[in-house]
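Please follow this account of a ligand site with the model in view. The paragraphs below proceed from the space that holds the ligand to the atoms that meet it.

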Amino acid sequence: MSRRHLVPGKLVLASHNAGKLREIAPLVTPFGIEPISAGTLGLPEPEETGDTFIANAALKALAAATTTGLPALADDSGLTVVALDGAPGLYSARWAGEAKDFGLAMARVEREWRETGSDDNSAAFVCALALAWPDGHVETFEGKIFGELVFPPRGDRGFGYDPIFIPEGREETFAEIDPAEKHAMSHRALAFAQLVAHCLTPP
Ligand code: IMP
């Protein structure tokens, strides 16, 4: 499948999350791409009404691209638990509530998982990336890392659901693993590697 390439120039990062911005900027600048944040441009955050990670990433990227007239990149990510039919999934951020309390969100995962009575503790982190152009063209990529849940939460590095997730082949949770190592193997890294391979041209 042939993918549209991003030519050197400005790229809107359709996220208001400073952490994501810091992580993405160094990945694209070597390709002559100049990242600009949605916050800098005062772009509104569209409602995430899609029913997949890809759909939500695409709607955020398209909204930013059509509003600014520039190409835009958006991501959407979350934790999916097999025994919970994929929950919290698209609602991963929302399970933490207004206060963004992930202690609460992880406790809910544990409670709901125990209520199923299942001994299947497999889970995955998913990251969808969408690159959109003002003419409506969108390229999408998905990275997924499989693993299992562990309770109680362990480790104080990382963020979100990291303390209850052990990636396949490891014994430590994402919150116990060195952050540089986590970033190199994560769902986000896997999605980015595809985007770089398919849409960015080496200098
Ligand atoms: P988004 O900003 O709408 O994509 O929200 C994604 C949510 O999924 C975050 O708030 C986290 O709770 C969770 N999540 C995504 N990636 C990770 C990760 O690498 N570690 C832990 N939690 C994550």
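In this predicted model, the ligand occupies the largest pocket. That pocket has a volume of about 1200 Å³. It is lined by 41 residues, of which Asn 17, Lys 20, Glu 48, Lys 60 and Ala 93 are the closest to its centre. Sorted by class, the lining comprises 15 nonpolar, 12 polar and 14 charged residues.

Several secondary-structure elements contribute to this lining. At least two residues each come from helix 1 (18-28), helix 2 (53-68), strand 3 (72-81) and helix 5 (187-199). Strand 3 provides the largest share of the pocket lining, namely five residues.

The shell around the ligand itself may now be considered. It contains 16 residues, and those that come nearest to the ligand are Ser 77, Phe 102, Asp 162, Lys 182 and His 187. Five residues of the shell are nonpolar, five are polar and six are charged. Strand 3 and helix 5 each supply at least two residues here, and strand 3 gives the most, with three.

Which atoms of Ser 77, Asp 162 and Lys 182 approach the ligand? For Ser 77, a polar backbone atom lies 2.9 Å from an oxygen atom of the ligand. Lys 182 instead uses its side chain, in which an N or O atom is 2.8 Å from a ligand oxygen atom. In Asp 162, a polar side-chain atom is placed 2.6 Å from a nitrogen atom of the ligand. On its own the ligand has 490 Å² of accessible area, and the protein covers 89% of this area.

Conventions
Residues numbered from 1 in each chain as written. Predicted model: local features only at pLDDT ≥ 70, side-chain atom pairs only at ≥ 80, totals over all residues. Heavy atoms only, no water. 1 Å grid on protein atoms, 1.4 Å probe; cavity = no way out; pocket = protein on both sides within 12 Å on 5 of 7 lines; lining within 4 Å. Points joined across faces, edges and corners; volume = space filled by probe spheres on them. Helix = DSSP H or I, 4+ residues; strand = E, 2+ residues; numbered from the N terminus. Nonpolar A, V, L, I, M, F, W, Y, C, P; charged D, E, K, R; others polar. Near = heavy atom within 4 Å. Polar contact = N/O pair within 3.5 Å; in protein donor to acceptor, adjacent residues only side chain to side chain. Areas by Shrake-Rupley, 256 points an atom, 1.4 Å probe, with all protein chains shown as cover. Sits in = over half its atoms within 2 Å of the grid points.
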